Structures are given as structure tokens and as C-alpha cells.
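Please open the model in your viewer and keep the sequence panel beside it, since each stop of this tour begins with a selection. Take the stops in order, and pause at each one before moving on.

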Amino acid sequence: MTETVLNSNSSCFTLAIGGDTIINRTVDDKRDRDVAAICGLFRDADLAYANCETLFHDYDGLGVYPAVEAGWSYMRSSPRIAMELRRLGFRLMSTANNHAFDYSYGGLFSTLAALDAAGIAHAGAGPDLAHARVPAFVDAGRFRVALVSMTTTSTLASRAGMPHDGIPGRPGVNPLRFHFTADATNMQRVLDLHRDFGWWIARIGEREWQINPPGLHNTITRYVLQDEPGMSRVLDERDVAANLRAIRNARAYADIVLVHIHNHEWDQDLGTQYPASFMPEFARRAVEAGASVVVAQGGHAPFRGVEVHHGAPIFYDPGDLFSMASTIERYPHDFYERHDLLLDRPLAEALTVDSLKARGKYSTEMVQNPEGGTRQGRGQNGFVPLVHFDEQARPVSVDLHPFEHRHGAKADIGLPFRASDAQADMLIARLAELSQPFGTDIKSSDGIARIAF
């Protein structure tokens with residue numbers, strides 16, 4: 001890639017991007033200059049965006065019940081924390097993620113209402129699939145910005161449904177589903193194993209099998225025969241087409257289109273710090289459909305590389321911005337049962353900073369794949385991307401500000417701190433290494449990673 005000299009005068013609009021935002025406490029961002037430095041990036045930008053990875057509720061209200069399946073932990077923040085996000089500068093948030101349904105329909109609706117009350121536009125979840133898939137719009141500075149949000153990772157019950165034949169749709173998130181493919185030999189292994197366990201197997205045409213537990217005809221896992229040796233994962237063509245259509249629609253009404261894809265999947269050959277094999281192709285298609293910026297996030301890897309496609313940056317995961325899951329104070333019975341915990345243990349042991357496994361609270365080994373868990377990178381850290389646009393709303397450069405999470409005082413848990421000089425250098429070097437397969441040239445200046453295009 002040819003080096004381009006950055007020209008700050010060419011930038012007339014800045015979009016600040018945050019990754020996973022699990023926040024359940026107010027942030028005293030003036031007491032520590034390193035926290036203030038990161039939070040200030042969002043307040044000073046023309047528009048600040050992040051993924052809302054928590055739910056706003058008080059454990060009560062209409063329909064607020066813990067779901068049978070949750071996104072591992074059960075998220076909860078006081079509804080007033082939505083106002084805290086607005087104070088920190090956020091005006092646009094995505095809501096399609098694996099935690100959107102932790103407290104059923106009531107928790108989802110309470111969350112959307114809290115964001116509305118705080119004046120934060122949102123996309124990715126709604127009363128039916130049509131609403132969940134529709135773009136959100138914000139007028140900021142001289143531009144109109146649209147957001148389309150979707151998730152590859154979600155519980156089955158959280159997937160929104162379409163109205164049909166006078167029957168209302170189902171509330172939930174906008175899905176980007178995937179299915180599995182395998183060659184003939186591996187397909188036979190899959191079929192034999194499920195047959196031995198007594199699962200129902202339905203053959204659809206010549207190349208597809210649908211497998212589900214007895215009696216649960218909609219709890220389907222799709223397997224499709226492939227000619228090439230091996231196994232893979234392929235995005236659902238219906239969700240791909242519908243989401244690309246939403247992106248094109250957003251482009252018709254906005255100057256800048258931000259596309260968000262929540263995903264926990266990883267590259268099975270390269271490891272968790274690399275996106276799943278299906279993600280780069282879809283991200284590039286999103287750009288070709290009209291996306292100005294693509295943010296794929298949710299992997300807890302802790303961060304992944306960056307690509308520039310047709311002049312648009314693709315962030316395969318900037319990392320977890322606020323990470324306060326370990327200070328959720330109450331969990332439902334299902335959480336303890338799922339993780340084989342003793343109910344008479346203190347509540348604090350349900351989710352600790354350094355994990356139950358590290359403190360020996362699990363009665364059995366939990367993590368098998370990926371080995372070591374998803375947080376096996378070089379610490380809990382990430383980047384805040386600032387995308388600069390010119391007068392024609394074209395991205396011209398990106399500054400990526402490195403941050404880290406510290407585990408000293410309890411009040412520091414989950415806050416993003418500006419990385420120290422040595423840590424920043426290490427993080428930027430790692431980001432450059434992860435971005436190299438995408439042909440991205442990352443420069444370093446004053447502890448900031450920079451991309452010009």
C-alpha cells in the first residue's frame with residue numbers, strides 16, 4: 001500500500017467508534033486523566049457510536065423475566081445509566097447482540113425505551129423484524145448518519161420475526177444467521193452422531209439436512225453438502241440479501257452509513273483474534289452496498305485487525321470499551337444452575353474480575369473450544385477509532401487510540417484507560433500484525449495508530 005501523508009485540514013467530520021459497551025455505573029471521568037482522555041474522544045467527536053451490550057431494567061416491570069437462554073451472563077443496568085451514556089457523548093447505538101434477550105421481551109422493550117428517553121438513536125432490535133432491520137438516522141454536524149445493526153450471535157428466542165397473514169411479528173434482534181457445510185465424509189460423521197443420540201434428521205433436497213431435537217421442529221441446525229474437502233460456515237443467503245437491502249436503503253437517505261455486525265465467531269484455523277471466514281466477504285459486500293464504515297465486534301479477542309475496502313474502513317473488532325459485567329450485583333437462578341455453582345455461595349462469586357475458573361469456583365472444567373477461552377489475547381484492551389471524513393462525506397483517515405482495562409480499585413473495574421506509552425506501542429504493533437493479512441498499512445505517531453487512504 002502506498003503511504004499517504006495525513007492532512008488534518010481535509011477532515012470536516014469525525015465519527016468516534018466504541019465496541020462492546022457493558023456499563024452499569026456512572027463514570028467519574030474527571031478524576032483520572034487517562035479515563036478522561038478516552039471519554040473525551042466521544043464527547044469531542046461530531047458523532048459518537050457504540051454497541052449497547054447491556055439491558056436497562058430494574059428486575060421488574062411488564063415482561064421482565066430471565067430468559068431460559070442468555071448470552072452467558074444476564075445483563076442489567078439501571079435505566080438511568082442510559083442518560084449517563086448520553087452525557088458521555090453517545091447519540092447512536094446498536095442493539096443487535098447476544099444479550100438483547102437476557103430478560104425476555106420486557107428487558108428488550110425497557111432497554112429501547114431507556115435509549116429513547118436519553119435521546120440516543122438505535123438500530124438492531126425492535127417489535128418485529130422489519131423494525132429491527134430498519135436503519136436509524138441521526139443528524140450530526142453537516143451530515144446525516146445512518147446505522148444498520150445485525151448479529152450473527154444470538155439465542156434462538158431472541159431472533160425477531162416478520163408479520164404475516166395478519167399475524168404480528170415477533171420482537172427481537174436483526175439476525176445474520178449462518179449454517180454449516182461439510183464434505184461427504186464429514187457430513188456422514190455428523191449424521192451418524194446425531195442419529196445415535198436420537199435427534200431428528202430431515203433431508204431437504206439433494207444437498208441439505210436439517211437436524212433438531214425430537215419434537216422441536218423450529219430448533220433447526222442446517223448442514224449443507226460441499227464439494228471441497230473439509231467443513232465451513234456459510235451465511236444465510238436470505239439474511240445477507242435483506243441486510244444488504246437495508247444498507248442500500250440507508251445509503252439513499254444518509255450521507256454516512258455505519259454498518260454494525262455483532263459476532264463471537266472466530267477463524268477456526270488462525271484463532272480467536274481473527275474474524276470468522278465468512279466475515280470479510282460480507283463486510284466487503286456491505287461496503288459495496290453503500291456502507292461508509294463497517295464495525296464487526298463482540299469477539300472479546302480482545303481486538304482484531306482493520307481493512308480498507310474501496311476507501312471504507314472495516315474494523316473487525318475494536319475491543320470492549322466498557323466492560324462492567326463483573327459488577328452486576330444480582331443473577332437469576334438459571335445462571336447458577338448453568339454454571340454449576342453452589343447457591344449458598346456469596347453473590348460476588350457469580351462473576352468475578354478474573355473469572356470463576358481462575359478462582360477455582362467451577363466444579364468442572366468449562367472451556368474446551370477455544371482452548372483457553374476467548375480472552376486469550378494480550379490482556380483486556382482495545383482501540384477507539386476516530387474516522388475522519390471530508391466535505392463529500394468520504395473517509396479520508398483513521399486514528400486509533402489504544403486503551404486498556406485496569407483491575408486495581410473496585411471503582412476502576414470496566415473503565416477504559418488511555419494506554420501507557422509502552423503498552424500503546426505493543427498494542428499498535430499487534431494491531432499492525434493482525435491487519436497485515438488485509439493489506440492495511442498502519443503507522444504509529446504519538447502513541448496513536450494511524451491509517452490514511
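Select His 99 and Ser 73 together, and you will find the side chain of His 99 reaching the backbone oxygen of Ser 73 at 3.4 Å. Keep in mind, here and at every later stop, that this is a predicted model. If you now add Gly 71 to the selection, its backbone oxygen appears 3.0 Å from a polar atom of the side chain of His 99. His 99 itself sits in the loop between strand 3 (90–94) and helix 3 (104–117), and with a relative accessibility of 5% it counts as buried. Which residues is His 99 in contact with, leaving aside its neighbours within four places in sequence? They are Glu 53, Leu 55, Gly 71, Trp 72, Ser 73 and Met 75.

**Along helix 3**

From that loop, move on to helix 3, whose 14 residues should span 20 Å at 1.5 Å a residue, in agreement with the 20 Å between its end C-alpha atoms. Colour Ser 104, Gly 106, Gly 107, Leu 108, Thr 111, Leu 112, Ala 114 and Leu 115, which are buried residues of this helix. To see what the buried residues of helix 3 pack against, show helix 2 (81–87) and strand 3, together with strand 4 (121–123), strand 5 (125–126) and strand 8 (172–173). Just after helix 3, select Gly 119, which takes a positive phi of about 75°.

**Helix 5 and its two sides**

Next, select residues 184–196, which make up helix 5; these 13 residues should span 18 Å at 1.5 Å a residue, and the end C-alpha atoms are indeed 18 Å apart. Its buried residues are Asn 186, Met 187, Val 190, Leu 191 and His 194. Because these residues cover an arc of only 140° around the axis, they lie on the same side of helix 5. Such a pattern can be read with a general rule in mind: an α-helix has 3.6 residues a turn, so residues three or four places apart point the same way. Turn the view to the other side of helix 5, and you will meet Ala 184, Thr 185, Arg 189 and Asp 196, which are exposed.

At the N-terminal end of helix 5, Asp 183 acts as a cap, with a side-chain oxygen 3.3 Å from the backbone nitrogen of Thr 185. Just after the helix, Gly 198 takes a positive phi of about 80°.

**The sheet beside helix 5**

What covers the buried residues of helix 5 includes strand 9 (178–182), strand 10 (200–204), strand 11 (208–212), strand 12 (221–225) and strand 13 (231–235). Select these five strands, and follow them through an open sheet in the order 10-11-12-9-13, with mixed pairing. Strand 10 and strand 13 stand at the edges, each with a single partner strand, so one side of each is left without a neighbour in the sheet. On average, neighbouring strands of this sheet are turned by 30° against each other, direction ignored. For a closer look at one pairing, keep strand 9 and strand 12, which pair in the parallel sense over three bridges, and find Thr 181, whose bridge partner in strand 12 is Val 224.

**Strand 17 and the loops that follow**

Now select residues 293–297, which form strand 17; five of its five residues are buried, so the strand is largely enclosed by the rest of the structure. Both of its faces are covered, with Val 293, Val 295 and Gln 297 buried on one side and Val 294 and Ala 296 buried on the other. Strand 14 (residues 256–262) runs parallel to strand 17 and is joined to it by five bridges, and here Ile 261 stands opposite Ala 296. Strand 19 (residues 312–315) also runs parallel to strand 17, joined by two bridges, with Val 295 opposite Phe 315.

The last stops concern backbone geometry, for which a general rule helps: most residues other than glycine have a negative phi, and most peptide bonds are trans. In the loop between strand 17 and strand 18 (306–309), select Pro 302, which is joined to Ala 301 by a cis peptide bond with omega of about 10°. His 300 is found in the loop between strand 17 and strand 18, and its phi is near 55°, a positive value in a residue other than glycine. Is His 300 buried or exposed? At 11% relative accessibility, His 300 counts as buried.

Finish at His 310, in the loop between strand 18 and strand 19, where phi is again positive, near 50°. At 64% relative accessibility, His 310 counts as exposed.

How values were computed. Residues numbered from 1 in each chain as written. Predicted model: local features only at pLDDT ≥ 70, side-chain atom pairs only at ≥ 80, totals over all residues. Heavy atoms only, no water. Helix = DSSP H or I, 4+ residues; strand = E, 2+ residues; numbered from the N terminus. Expected span 1.5 Å × (residues − 1). Buried < 20%, exposed > 50% of the residue type's maximum accessible area, 1.4 Å probe, protein only. Arc of directions from axis to C-beta. Contact = heavy atoms within 4.5 Å. Polar contact = N/O pair within 3.5 Å; in protein donor to acceptor, adjacent residues only side chain to side chain. Pairing = 2+ DSSP bridges. Axes fitted to C-alpha atoms, helices over the stretch in contact; angles between N-to-C directions.
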